[in-house]
There are 2 protein chains.
Amino acid sequence: MAGRLYGVGVGPGDPDLLTLKAIGCLEAADVIAYPVKTPGEKGTALDIVRQRTDLSRKETVELVFGMNSETKARVCDYGNAAAKLSSILDGGKNVAVITLGDVSIYSTYMRLNAEMEARGYETTIIPGVPSFCSGAAEARMPLTIGEEGLAVVSMNGEPKEIRAAMDSFDNIVLMKAGRHMDLAVRLLDDAGLKKAATVISNIGMEGQYVGPIEEGRQYGYFTTVIVKKGRAD
Amino acid sequence: MAGRLYGVGVGPGDPDLLTLKAIGCLEAADVIAYPVKTPGEKGTALDIVRQRTDLSRKETVELVFGMNSETKARVCDYGNAAAKLSSILDGGKNVAVITLGDVSIYSTYMRLNAEMEARGYETTIIPGVPSFCSGAAEARMPLTIGEEGLAVVSMNGEPKEIRAAMDSFDNIVLMKAGRHMDLAVRLLDDAGLKKAATVISNIGMEGQYVGPIEEGRQYGYFTTVIVKKGRAD
C-alpha cells in the first residue's frame, strides 16, 4: 500500500510558531522532504523544523525548485519532485513536505500536491501561520477590523493589479517586497499611501526592521509591507 | 510593576493547531481572559485552550463583547473590558487574552490592544493559524499561487466592495458567510463565479461541509467561501 503525502506549513521562521499538529506529523513521518533553490543548499524550512523535532534518525530528501522563470525548467522541477516523491510513497513510506509559512499562501507545494493527487496518492494539508500574520503581530497592528477588507498581493505581480488593490482596499499586504522596494515605494507614493505603510523585514534574523518606510534604508530579503489607509495621515 | 498583556491567537478550532508559542504563553500567564457574546456563555476559544493546557489552577476572566451593532454599546463593552484588564495588570499579573484564529484577522482583540497601549501597558501579540488557511487546507486548495493576488472580505461588508473584490482578484475569501449565504450566492451568480466557489463550513464540528454550493443546502454558522477564478468554467 502506498504511503500518504503530507504538506506541512511550518510557520514564518520562529520555531515556536510550529503547531502541535505539524510537530506530530513530522515526528510520525518516515521521510521529510524540503524545498531548496539549488542542490545541496540548506533549507530554511528544515532549519525551523530541526529546532523542535528530532531529525537524527529521520530520512530527509531535498526537492529542487530553481528560481528559473522559464516555464520549461519549472515543469521539469515539478516532474522531478513528483517522481522522487512517488518512488518513496510507492515503497509504503509516508512523506511530509515542509513549507515556510502557510501551505495555501504562495507555496510551491500546492502545485505538487495537485500533481500527486492526479497520480492517485492520498494527501493531507496541515496549515501554518502565514508570514503576514506574524508580521502584523510584530507590528502590533490589525490586518483587518470590523467589516474592512484585506488584499494580499505579490510584488512580483503586475503593477496594474497592485494599484487596483491600493485603490479599492482599506488594508493591503505587499508580499515578496524584498527585491521590489523601489517599485513598492513608487506605487505607494503615487497612491498617497507612503505614510500608511509599515515595513516588516527579516523578523528574528539579521537586519530585523519593523517601522515606516525610510529614505535610503536597505531592507532584507524577507520583507512584507502592510498598508493601512486609516494610518495615512 | 504592571503585568504584561498578551493577545494570543488559538487557531480556528482544532486544538492541535495551537502553536508552541501560544501554549507556552498560556501556561506562563497568571490570568486567561476570553471573549464571550453574553455573560456566562462558554467561550469557544477557551474550549480550544482547555484541551491542550491545564487550566485547573488558572484564573479565567470573561470579557463581554455583545453582538450589538450600536456604537454606544460597543464602546461601552470595550471600556468595561479595558477596565477589567487594567485592574488585573495593575496588580502585577500577566494576562493572556485568547482569540479564535489569528489575532490580526477580524479579531475584537486588536481594538482592545490599542486602548491598552494608549493606557500605557506593554503588549505582545502571538499570531495564530487563520480560519481561511485551515479551510483551504481542508479543501486541499491553494489560496494564492504564483503571482496571483488574494482578497479577503467580510460578508457583513458592503456588497459594492464584495463585487469589486470579485471583479479584480483571482482568488477571493468570503469571511463570516454563515448568515449571509443567500447574498453570497447571489453575488457569485451575478459575477458568473458560482461554480468557482468552495464552501467550507463548521470544520471539526456538527454539520461539517467542504464542497460546492448546493441548491437548498443549509450551512453552519462558521462558514467561509473560497472563490478561485481558475475553477470557473
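Here are three short exercises, with solutions, on a predicted model.

**Exercise 1: the helix H3(A)**

Work out which residues of H3(A) are buried and which side of the helix they lie on.

*Solution.* Start with the length. H3(A) runs over residues 71-90, and at 1.5 Å a residue its 20 residues should span 28 Å; the end C-alpha atoms are 28 Å apart, so that agrees. Next, pick out the buried residues: they're Ala81(A), Leu85(A) and Leu89(A). These cover an arc of only 70° around the axis, which puts them on the same side of H3(A). Here's the general idea: an α-helix has 3.6 residues a turn, so residues three or four places apart point the same way. Now flip to the other side of H3(A), where the exposed residues include Lys72(A), Ser87(A) and Asp90(A). Finally, look at what covers the buried residues: S1, S2, S3, S4 and H4 of chain A are included.

**Exercise 2: where the chains touch**

Find how many residues of chain A are in contact with chain B, and which element gives the most.

*Solution.* First the count: 46 residues of chain A contact 46 residues of chain B. S6(A) gives the most to this side of chain A, with five residues. Sorted by class, the side has 24 nonpolar, 13 polar and nine charged residues. Now zoom in on the strands: S6(A) and S6(B) pair in the antiparallel sense over three bridges. In one of these, Val152(A) partners Leu150(B).

**Exercise 3: symmetry**

Work out how the two copies are related.

*Solution.* Superpose chain A on chain B: that takes a rotation of 180° with 0.0 Å of shift along its axis, and the RMSD is 0.0 Å. The two copies are therefore related as by a two-fold rotation axis. As for the contacts, 100% of the contact residues of chain A recur in chain B, so the same surface serves both copies.

Definitions and conventions: Residues numbered from 1 in each chain as written. Chains lettered and ligands numbered in written order. Predicted model: local features only at pLDDT ≥ 70, side-chain atom pairs only at ≥ 80, totals over all residues. Contact = placed C-beta atoms within 7 Å. Helix = DSSP H or I, 4+ residues; strand = E, 2+ residues; numbered from the N terminus. Nonpolar A, V, L, I, M, F, W, Y, C, P; charged D, E, K, R; others polar. Pairing = 2+ DSSP bridges. Least-squares fit on C-alpha atoms with pLDDT ≥ 70 in both. Expected span 1.5 Å × (residues − 1). Buried ≥ 20, exposed ≤ 12 C-beta atoms within 10 Å, placed from the backbone. Arc of directions from axis to C-beta.
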